[in-house]
Amino acid sequence: VAQINLLLDVLIASLLVEASISWLYYGDRLMEFPLGMFGVALSVVILPTLASLHARADRARFRSTLEWAVLLGLVIGLPAAVGLATLGGPTTATLFHYGEFSAADVRMTALALAAYCIGLPAFIGVKILAPAFFSRQDTRTPVRIAVLALVVNMILNIAFVGAITWHLAGDLLLDDPWRALALNPGAHAGLALASSASAWLNALLLWKNLAHQGLAPVFPWSDLARSGIAALAMMLALFWLVPPTADWLDMGLALRVVWLAGAVTGGAAIYALVLAALGIRPAVLLRPRDPE
């Protein structure tokens, strides 16, 4: 389903401004980095544990393991999304702004990345919740939900790309829609935004299905608030400390790398300190809590 989704996204992107496919590709690659490091890693870690707990019919520990994974995904995924969106321009410039990759390409890739980052916590959530079905030999439910999310994604692709193009060139869209699509940069972000929205739908439906079976983890609303405050503090600090993307484009490679490493390290430190001050201790994240 994911590959079909990608194929259809590329098909629509091919109708847009030249280089739209590349902007989406680079934005997706950057978003996939934390998803692969944390989301996929969590999925791999919890699957055998959930399968073992299901075999022993230990529903309480099954839920507590899912709650731990959701909490860890939230604590990691939220700042990753906020940090990537905030540092999208500098990160893209540092990695790709060489040769034929222009300043406009940096801006458009950062725009696609920001749209993808809206769905990053949901993408991680899907990686965490799907093993709850696979561990119980239920492969049909996640696939049905993924297909539904695919259909919604296609509808949203058309809706978002059309809305952005209408905003940028309403009259031209009425007179010559193909030319309007091919001349207006920014419409590619609608495809990334549609992917993010469908990821949230996918995660929500997986959660709802688990709830019907009495296996859904309790959502950590208080921890979400704490993580949100810490991520907001990190974002404000990065906005204040990091030079704008226009200045970043004039830097040499070495200076870009130093600035980016400092921004990532400093942002992570600020997030961790605020999170600790709000009461989330590392010990809570190390292992699932014992069910009461």
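Below is a short chat about the predicted model shown above.

Visitor: Let's start with the fold. How many helices and strands are there in the chain?
Guide: This predicted model has 12 helices and 0 strands. Along the sequence, the pattern reads α-α-α-α-α-α-α-α-α-α-α-α.

Visitor: And how compact is the chain for its length?
Guide: The radius of gyration is 21 Å, and the globule rule gives 19 Å for 292 residues; the two are close, so the chain is as compact as a globular protein of that length. Along the principal axes, the C-alpha atoms fill a box of roughly 60 × 40 × 30 Å.

Visitor: What share of the residues is buried?
Guide: Buried residues come to 46% of the 292. On the outside, the chain exposes about 14,600 Å², with 69% of that area supplied by carbon and sulfur atoms.

Visitor: What about contacts, how many of them link residues 24 or more positions apart?
Guide: Counting contacts with a separation of 6 or more, 81% are between residues 24 or more positions apart.

Visitor: Let's zoom in on Thr92. Where does it lie?
Guide: Thr92 is in helix 4, which covers residues 88-96.

Visitor: Is Thr92 buried or exposed, and why?
Guide: Thr92 counts as buried because its relative accessibility is 0%, and the cut-off for buried is under 20%.

Visitor: So what does Thr92 touch in there?
Guide: Leaving out residues up to four places away in sequence, Thr92 touches Leu30, His97, Phe101, Val106, Thr109 and Ala110. There's also a polar atom of the Thr92 side chain 2.7 Å from the backbone oxygen of Gly88.

Visitor: Switching to the surface: which residues form a nonpolar patch?
Guide: That would be Val1, Val143, Val147, Val151 and Ile155. Together they have about 390 Å² of accessible area.

Visitor: Take Val151 from that patch. Which helix is it in?
Guide: Val151 sits in helix 6, residues 140-175.

Visitor: And why does Val151 count as partly exposed?
Guide: Its relative accessible area is 44%. Val151 is called partly exposed because that value falls between the 20% limit for buried and the 50% limit for exposed.

Visitor: One more. What about Leu273, buried or exposed?
Guide: Leu273 is exposed, because its relative accessible area of 61% is over the 50% cut-off. This leucine, Leu273, belongs to helix 11, residues 253-277.

Visitor: How far is the C-alpha atom of Leu273 from that of Ala230?
Guide: The C-alpha atoms of Leu273 and Ala230 are separated by 8.2 Å, with the two residues 43 apart along the chain.

Terms used: Residues numbered from 1 in each chain as written. Predicted model: local features only at pLDDT ≥ 70, side-chain atom pairs only at ≥ 80, totals over all residues. Heavy atoms only, no water. Patch = residues over 30% accessible without salt bridge, like charges linked within 9 Å, V, L, I, M, F, W, Y side chains within 5 Å. Areas by Shrake-Rupley, 256 points an atom, 1.4 Å probe, with all protein chains shown as cover. Salt bridge = Lys/Arg side-chain N within 4 Å of Asp/Glu carboxyl O. Helix = DSSP H or I, 4+ residues; strand = E, 2+ residues; numbered from the N terminus. Buried < 20%, exposed > 50% of the residue type's maximum accessible area, 1.4 Å probe, protein only. Polar contact = N/O pair within 3.5 Å; in protein donor to acceptor, adjacent residues only side chain to side chain. Contact = heavy atoms within 4.5 Å. Rg over C-alpha atoms; globule rule 2.2 N^0.38 Å.
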